[in-house]
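Here is a walk through a model, starting with how its chains relate and ending with a few single residues. Keep the viewer open as you read.

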There are 2 protein chains.
Amino acid sequence: MVQLVLHYDGARFAGWQRQTKERTAQGELERALARLLQSPTTALGAGRTDAGVHARGQAAGVRVPERWTVVELRRALNAVLPGDLWVAAAHEMRPEFHARYSATARRYSYAVGLGEASRSPFRRAWEWAFPRPIDFTALDAETAILQGEHCFRAFAVHGTAPPTDSLRCAVHRAGWRREGDVLFFDVAANRFLHHMVRFLVGTLLDVASGRRPGGTVARLLLAADNSEVSPPAPPHALCLEHVNYPDDLYLSGSA
Amino acid sequence: MVQLVLHYDGARFAGWQRQTKERTAQGELERALARLLQSPTTALGAGRTDAGVHARGQAAGVRVPERWTVVELRRALNAVLPGDLWVAAAHEMRPEFHARYSATARRYSYAVGLGEASRSPFRRAWEWAFPRPIDFTALDAETAILQGEHCFRAFAVHGTAPPTDSLRCAVHRAGWRREGDVLFFDVAANRFLHHMVRFLVGTLLDVASGRRPGGTVARLLLAADNSEVSPPAPPHALCLEHVNYPDDLYLSGSA
């Protein structure tokens with residue numbers, strides 16, 4: 001098994017997951033693999049990203065004939081993939097590696113532009129130009145409660161409601177850091193629900209900009225009901241940064 | 001007179017200068033101005049950038065009816081301009097301000113990606129992923145000679161040869177700086193000839209990567225003949241960073 005670590009610019013993808021009619025990152029990757037390996041090949045992703053969401057660390061598992069080294073595979077893929085999808089690394093993995101089930105953590109970042117310059121053509125594709133003043137102390141206070149294991153039913157879209165325990169996520173880290181006039185939300189968890197990071201950012205910033213009272217996140221977590229969540233923050237400022245796997249799943253080959 | 005300071009992503013522009021059939025930055029700006037001011041309006045740029053070249057500091061002079069403040073003009077323009085063109089600032093200028101002739105210096109940057117990661121979708125639009133090893137000492141030595149006033153005939157494309165003195169440029173500063181695995185060429189001069197920065201980068205990197213002998217730039221400057229210049233570096237990694245005007249041309253209003 002090979003783990004591909006992928007970068008993609010989400011702007012022109014209808015998300016990660018293969019679809020029959022839309023251009024997706026998985027679809028483009030599988031097309032390139034089929035062309036190189038001359039046989040239909042599945043690239044299973046660690047997680048599904050929404051349309052417009054970027055990745056600097058999506059992981060995909062691919063079964064590749066033994067005659068391909070990871071060095072050759074990576075080089076050959078990057079020669080045929082479109083410019084908005086790129087293999088940053090390729091690792092040889094043990095046969096039991098499964099891109100989704102073996103993952104122990106995912107980490108996302110969300111970029112919030114604080115000044116007008118976030119509307120520049122060089123930044124608007126990656127940042128949400130936030131229009132209201134932010135109380136950073138309130139933001140940090142509201143965010144602190146996320147740490148730990150909770151039912152995130154309030155921060156997800158669901159079809160028919162699945163059982164409660166499948167909505168539990170263990171948040172390893174959630175916090176904000178500022179670089180110049182950009183505010184980054186970094187969040188790592190064992191798993192994420194559909195739209196979860198975008199709902200969290202939308203609600204946290206509503207509190208931090210005075211639209212909703214402090215304690216809203218705690219109340220929503222307890223209510224476990226998504227009817228009062230804030231609108232999700234836009235997808236173009238969200239990036240899947242990294243997927244963690246246990247060290248013992250890695251074999252020696254890397255490229 | 002108003003000076004507009006412009007950012008643009010050059011990817012989808014056939015350069016700065018208005019053309020009848022191609023999409024250009026000047027063309028889009030003048031279209032937005034005509035719409036707002038309800039009359040045809042010329043936006044004269046400090047310099048022409050080639051197709052694909054970016055700007056974070058192109059300057060354009062515009063004559064605007066007195067009832068418009070620079071604050072209102074900037075806001076209104078940014079509301080109607082396409083996403084790849086943005087007014088970063090607007091300054092009230094004395095009537096004798098002329099975007100091209102009043103400029104005392106232009107500054108460009110050129111971004112050279114040293115590692116494979118420069119091919120990532122997040123970097124490939126702004127960096128030239130340079131494929132050969134670079135000798136930084138040789139690069140600095142070859143660059144040092146550029147400082148001062150020279151005839152840059154060897155580093156420009158010309159139609160019918162203009163008189164020699166119009167090809168003289170005073171280079172105020174030329175040097176390389178490294179940030180992680182990106183190498184930036186910063187060059188400031190009173191004026192630049194057509195393709196000049198790209199020819200300089202192409203030739204300097206040919207020397208620094210061992211393709212041409214040290215001293216090539218000096219020899220070409222003396223020969224004043226462009227038949228032996230290296231191919232120009234690609235446009236997408238070049239950015240017009242700043243245009244300087246004398247302080248006394250600025251009035252108090254800025255936005």
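To compare the copies, they are superposed by least squares on the C-alpha atoms of residues with pLDDT of at least 70 in both. This is a predicted model, where local features need pLDDT of at least 70 and side-chain atom pairs count only at pLDDT 80 or more, while totals for chains, interfaces and linings use all residues. Residues are numbered from 1 along each chain as its sequence is written, and chains are lettered from A and ligands numbered from 1 in the order in which they are written.

**How the two chains sit together**

A turn of 180 degrees, with a shift of 0.0 Å along the axis, lays chain A on chain B with an RMSD of 0.0 Å. The two copies are therefore related as by a two-fold rotation axis. Which residue of chain A comes closest to the rotation axis? That is Phe122(A), with its C-alpha at 5.4 Å.

Two residues are in contact if their C-beta atoms, placed from the backbone, lie within 7 Å. Chain A puts 14 residues into the contact, and chain B puts in 14 residues. On the chain A side, strand S1 (2-8) and strand S4 (85-93) each supply at least two residues, and S4(A) gives the most, with 3 residues. Helices (H or I, at least four residues) and strands (E, at least two) are DSSP runs, numbered from the N terminus. Both copies use the same surface: 100% of the contact residues of chain A recur in chain B.

**Domains of chain A**

Domain bounds come from an automatic or database domain assignment. For chain A, this gives domain 1 (2-102) and domain 2 (105-241). Their centres, taken over C-alpha atoms, are separated by 27 Å. Domain 1 of chain A brings 14 residues to the contact between them, and domain 2 of chain A brings 10 residues.

Here is the make-up of two sides, with Ala, Val, Leu, Ile, Met, Phe, Trp, Tyr, Cys and Pro counted as nonpolar, Asp, Glu, Lys and Arg as charged, and the others, Gly among them, as polar.

| Side | Nonpolar | Polar | Charged |
|---|---|---|---|
| Chain A, touching chain B | 6 residues | 4 residues | 4 residues |
| Domain 1 of chain A, touching domain 2 of chain A | 5 residues | 7 residues | 2 residues |

**Two helices of chain A**

A residue is buried if 20 or more other C-beta atoms lie within 10 Å of its own, exposed if 12 or fewer, and partly exposed in between, with C-beta atoms placed from the backbone. In helix H2 (residues 70-80) of chain A, the buried residues are Val70(A), Leu73(A), Arg74(A) and Leu77(A). Seen down the axis of H2(A), these fall within an arc of 95 degrees, so they line one face of the helix. The arc is that of the directions from the helix axis to the C-beta atoms. An α-helix has 3.6 residues a turn, so residues three or four places apart point the same way. What do the buried residues of H2(A) pack against? Their partners are S1, helix H1 (25-37), S4 and strand S11 (250-254) of chain A. Val71(A), Ala79(A) and Val80(A), on the other side of H2(A), are exposed.

Now for H1(A). Its 13 residues should span 18 Å at 1.5 Å a residue, and the end C-alpha atoms are 18 Å apart, which agrees. The expected span is 1.5 Å times one less than the number of residues in the helix. Buried residues of H1(A) include Ala25(A), Leu29(A), Ala32(A) and Leu33(A). Among the elements covering the buried residues of H1(A) are S2, strand S3 (54-62) and H2 of chain A.

**Single residues worth a click**

Right after H1(A) comes Gln38(A), in the loop between H1 and strand S2 (43-45) of chain A. Gln38(A) has a positive phi of about 55 degrees although it is not a glycine. Most residues other than glycine have a negative phi, and most peptide bonds are trans. Is Gln38(A) buried or exposed? Gln38(A) counts as exposed because it has 9 C-beta neighbours inside 10 Å. In chain B, Gln38(B) likewise has a positive phi, near 55 degrees.

Ala224(A) lies in the loop between helix H5 (216-223) and strand S10 (238-244) of chain A. With 14 other C-beta atoms within 10 Å, Ala224(A) is partly exposed. Leaving aside neighbours within four places in sequence, Ala224(A) is in contact with Cys151(A), Arg153(A) and Ala154(A). Ala224(A) and Phe155(A) are 69 residues apart in sequence but 8.3 Å apart in space, C-alpha to C-alpha.
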